[in-house]
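Let's take a walk through this structure together, moving from its charged pairs to its overall build and then to its surface. Keep the 3D view open as you read.

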Amino acid sequence: MKLTLTNIRELKRHSASPLTKAVCDFVIRRWHDYANKERIFTEVLTHGCQSGCVAELVYTTDCMAFYEKYKREINAMLTESMREAEAQSPKDMFREWEDSDYFAEGVNNQNLLAWYGFEETLWRIFLNFYDN
């Protein structure tokens with residue numbers, strides 16, 4: 001599939017995932033900011049949300065709200081990633097993970113999970129446009 005605004009909109013329209021729809025909205029909002037459309041993806045995937053390149057996930061309160069809104073999907077992705085990596089705990093996936101907050105009730109771990117959920121979803125969207 002070719003990376004076009006129409007195809008991003010179609011992907012959003014056909015997705016059953018609220019998280020995928022939200023990340024597609026991010027791509028759509030940023031579309032006209034870039035001559036090279038791949039940079040919408042590579043900027044985030046190279047530098048991560050923590051770099052500030054996703055304005056919606058800069059402030060702690062926004063990250064916590066994002067995590068709360070998409071918690072089920074993010075936790076399901078994390079479980080899948082942990083299984084694939086043979087990780088025993090989230091600490092095995094995130095070096096900044098606070099062990100004392102295993103259930104991500106605190107700010108730090110919710111930030112990490114919000115960023116992870118956004119980045120992983122963006123990566124999955126990006127893969128729709130490239131075979132390898």
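**Salt bridges and the helices they join**

The structure holds nine salt bridges, and the model you are looking at is a predicted one. A good place to begin is the pair K12 and D25, whose side chains meet in a salt bridge with 2.5 Å from N to O. This pair links distant parts of the chain, with K12 in helix α1 and D25 in helix α2, 13 residues apart. K12 counts as partly exposed at 26% relative accessibility, and D25 is also partly exposed, with a relative accessible area of 26%.

Now look along helix α4 for a pair within one element. The side chains of K71 and E68 meet in a salt bridge of 3.4 Å, N to O. Because K71 and E68 are three residues apart in helix α4, about one helical turn separates them. In general, an α-helix has 3.6 residues a turn, so residues three or four places apart point the same way. K71 is partly exposed, with a relative accessible area of 30%, and E68 counts as partly exposed at 47%.

Next comes R124, which forms a salt bridge with E80, their closest N and O atoms being 3.5 Å apart. This pair, too, links distant parts of the chain: R124 lies in helix α5 and E80 in helix α4, 44 residues apart. R124 counts as partly exposed at 31% relative accessibility, as does E80 at 29%. Add E120 to the view, and you will find E80, E120 and R124 linked in a network of salt bridges.

**The overall build**

What elements make up the chain? There are five helices and zero strands. The radius of gyration of the chain is 15 Å, close to the 14 Å that the globule rule gives for 132 residues, so the chain is as compact as a globular protein of that length. Along its principal axes, the C-alpha trace spans about 45 × 30 × 25 Å. Buried residues make up 43% of the 132 residues. Of the contacts with a separation of 6 or more, 59% are between residues 24 or more positions apart.

Helix α2 gives you a view of the packing. This helix covers residues 18-30 and reaches 19 Å from its first C-alpha to its last, close to the 18 Å expected at 1.5 Å a residue. Its buried residues are L19, T20, A22, V23, C24, F26, V27 and I28. They pack against α1, α3, α4 and α5.

**A loop and a surface patch**

Turn to the loop between α4 and α5, where you will find E86. Phi of E86 is near 55°, a positive value in a residue other than glycine. A104 is found in the loop between α4 and α5 as well, and its phi is also near 55°. Are these residues buried or exposed? E86 is exposed, with a relative accessible area of 67%, whereas A104 is buried, at 4%.

Finally, look at the surface. The accessible surface of the chain comes to about 7,900 Å², and 49% of it belongs to carbon and sulfur atoms. L45, W123 and L127 form a nonpolar patch there, with about 240 Å² of accessible area together. Of these, L127 is found in helix α5 and is partly exposed, with a relative accessible area of 38%. L127 can count towards the patch because its 38% is over the 30% that a patch residue needs.

Note on methods:
Residues are numbered from 1 along each chain as its sequence is written. This is a predicted model: local features need pLDDT of at least 70, side-chain atom pairs count only at pLDDT 80 or more; totals for chains, interfaces and linings use all residues. Side-chain values use heavy atoms; hydrogens and water are left out. Patches are made of residues with over 30% relative accessible area and no salt bridge: like charges are joined within 9 Å, nonpolar side chains (Val, Leu, Ile, Met, Phe, Trp, Tyr) within 5 Å. Accessible areas come from the Shrake-Rupley method with a 1.4 Å probe; for residues, only the protein chains shown count as cover. A salt bridge is a side-chain nitrogen of Lys or Arg within 4 Å of a carboxyl oxygen of Asp or Glu. Helices (H or I, at least four residues) and strands (E, at least two) are DSSP runs, numbered from the N terminus. Buried means under 20% relative accessible area, exposed over 50%, partly exposed in between (1.4 Å probe, protein chains only). The expected span of a helix is 1.5 Å times one less than its number of residues. Contact means heavy atoms within 4.5 Å. The radius of gyration is taken over C-alpha atoms; the globule rule is 2.2 Å times the number of residues to the power 0.38.
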